[in-house]
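Got a minute to walk through a structure together? Have a look at it first, and then we'll go over it question by question.

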Amino acid sequence: MPRPTGRVLTLLELLQSGGTRTVAELADRLGVDGRTVRRYVGHLIDLDVPVESVRGRYGGYRLAPGYRLPPLMLSDDEALAVLLGLIAGRRTGLMTAERTASETVSAKIRRVLPKHVARRLDTLLESLAFTDQPGEFATPDAGVLLTVADAVRHRRPVSIRYTDRDGRRSERTLHAYGIVAHSGRWYVTGTDPGVGEARTFRLDRIADARTLPGSFEAPVSPDPAQRVLSGFATAAYRHEVTLRIHGTVEQIRAHLPAGVASLEEPAPTAGEDPATERWRRVELRAERLDWLPPVLASLDRPFVIERPDELRDLVVALADRLASYARQADDPGAPLL
C-alpha cells in the first residue's frame, strides 16, 4: 500500500494536470475516502502549494497561481522532453534568459533523474549530432520580453529604450503587433506612432520596456512573421537588385526565401493553374553581390537581371569559370583531383 507521502505527491500531480478535481474523483484515484483527501490537501497547503477550494455542485480542488513555483511532478518522458528542449534552445539561440538560467535548471533536473532515465538521456546525447553550429546570440531580457508580450496581447502602447546596430540610443513609443523568433533571434514588430511607419526591433537591443496608458487598433495587415521577413527583404543595404525569373513561386522561394527577397505574385488569369511557371519580378537588397551568382545558377530557371550591371558581370564571370572547369576533363594536362 502506498505511503501517505506518496499519495500526497500523487495528489499534487493530479492537480497539476489542470482543471478542477472533485473530492470523489480524487478519493477514487488515490484509493482513500473524502476526509483523507481533505487532509492531504491540508498537507499541500502547509507546504505553500496554492490549492484552491471550489464550492458548488461541480466543486472540488484546483491549483491556483502562487507566489512561487510549486514542486513539479514530471514523468520520465516529460523530464527528457524538458531537457532536450533546453538543449535545442541553447543550440538555436532562442533562450529567453541568461545562459546560466538554462544551465542551472538543466543541472537541477539532471540531479534528480532516476539512473535509468539519466542513462537514456546520455545515450541520446552521445548519438545526437547537429548539422549547424550552436548559436551565439544575445538573449532578450525576460522582463522586457514579458512586458512587450503583455502589450501585444492587450493592444497597449509600450515605451522602449533601444540601441540600433550603429550604437545610437533612442527612446520611442511602439504599437506592438507581435513577437517573432527568427534565425536565433527575437524580434518585435509594430508601428511607431511618432512617424506612422512599420518598425521591427531586436528584443535583445531593448534595454527597458514600460507599458503606457491607452490602447490602439491593430491594422489589417500581414501576420507579424511575414512583416519581419518583408522587413529583412527591403532593409537598406548597399545594392538594390531587381530580377525577372521564370518559374513557380515554390521554385523561386526554395532559393530566395521571404527573408531575403520580395516576390511579385500577380493574380493568375482565368482558368490558369496558380502553380504555372511564369515570369515573376524579384527584388532584394544586399550589402554584397558575390553570393548571388551561385544562387541564380542553382535556380536552374531562365532569369533576366534588370539591375545592377555589376551583378550581370559577376554572373558572366561565374559562367566562364564553370565552363573552363568543365573543359578541364578533356585536357590531359589537367591536375587529378
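**Helix crossing, salt bridges and surface**

Author: Let's start with a pair of helices: α10 and α11 make a right-handed crossing. The contact draws on Leu292, Pro293, Pro294, Leu296 and Ala297 from α10, and on Leu311, Leu314, Val315 and Leu318 from α11. Keep in mind that this is a predicted model.

Reader: At what angle do the axes of α10 and α11 cross?

Author: Helix α10 covers residues 292-299, and helix α11 covers residues 309-327. Their axes come within 9 Å of each other, and the crossing angle is roughly 65°.

Reader: Stepping back, how many helices and strands does the chain have?

Author: The chain has 337 residues, of which 32% count as buried. Its secondary structure adds up to eleven helices and eleven strands.

Reader: Of the contacts between residues at least 6 apart in sequence, what share joins residues at least 24 apart?

Author: Here we're looking at contacts in the chain, with pairs that sit under 6 apart in sequence left out. Among the contacts that remain, the share joining residues at least 24 apart is 61%.

Reader: How many salt bridges does a search of the whole structure find?

Author: Side chains of opposite charge can pair when their charged atoms come close. One example is the salt bridge between Glu52 and Arg62, with the closest N and O atoms 2.8 Å apart. Asp164, Asp166 and Arg168 are linked in a network of salt bridges, too. Over the whole structure, the search turns up 18.

Reader: Which strands does the pair Glu52 and Arg62 tie together?

Author: Glu52 is partly exposed at 33% relative accessible area, and Arg62 is partly exposed as well, at 36%. The two are ten residues apart in sequence, and each lies in a strand, so their salt bridge ties together β1 (residues 51-54) and β2 (residues 60-63).

Reader: In the salt bridge of Glu25 and Arg21, which residue counts as buried?

Author: The two side chains meet at 2.5 Å, N to O. Buried means under 20% relative accessible area. Glu25 has 29%, so Glu25 is partly exposed. The partner comes in at 16%, so the buried one is Arg21.

Reader: How many residues apart are Arg301 and Glu277?

Author: Arg301 and Glu277 form a salt bridge, with 2.5 Å between the closest N and O atoms. Arg301 is in the loop between α10 and β11 (303-307), while Glu277 is in the loop between β9 (261-263) and β10 (278-286). Glu277 is partly exposed, at 35%. The pair links distant parts of the chain, 24 residues apart.

Reader: Which residues make the nonpolar surface patch of about 240 Å²?

Author: One of the patch members is found in helix α6 (residues 115-127), namely Leu124. A patch residue needs over 30% relative accessible area. Leu124 has 35%, so it clears that cut-off while being partly exposed. The full patch is made by Leu124, Leu128 and Phe130.

Reader: Is Val112 buried or exposed?

Author: Val112 is found in helix α5 (residues 99-112). Exposed means over 50% relative accessible area. Val112 has 65%, so the answer is exposed.

Reader: How far apart in space are Val112 and Ala79?

Author: In sequence, Val112 and Ala79 are 33 residues apart. In space, C-alpha to C-alpha, the distance is 10.0 Å.

Reader: And what share of the area that the chain exposes do carbon and sulfur atoms supply?

Author: The chain exposes about 21,100 Å². Of that area, the share supplied by carbon and sulfur atoms is 52%.

Notes. Residues numbered from 1 in each chain as written. Predicted model: local features only at pLDDT ≥ 70, side-chain atom pairs only at ≥ 80, totals over all residues. Heavy atoms only, no water. Patch = residues over 30% accessible without salt bridge, like charges linked within 9 Å, V, L, I, M, F, W, Y side chains within 5 Å. Areas by Shrake-Rupley, 256 points an atom, 1.4 Å probe, with all protein chains shown as cover. Salt bridge = Lys/Arg side-chain N within 4 Å of Asp/Glu carboxyl O. Helix = DSSP H or I, 4+ residues; strand = E, 2+ residues; numbered from the N terminus. Buried < 20%, exposed > 50% of the residue type's maximum accessible area, 1.4 Å probe, protein only. Axes fitted to C-alpha atoms, helices over the stretch in contact; angles between N-to-C directions. Left-handed = near helix turned anticlockwise from the far one by under 90°. Contact = heavy atoms within 4.5 Å.
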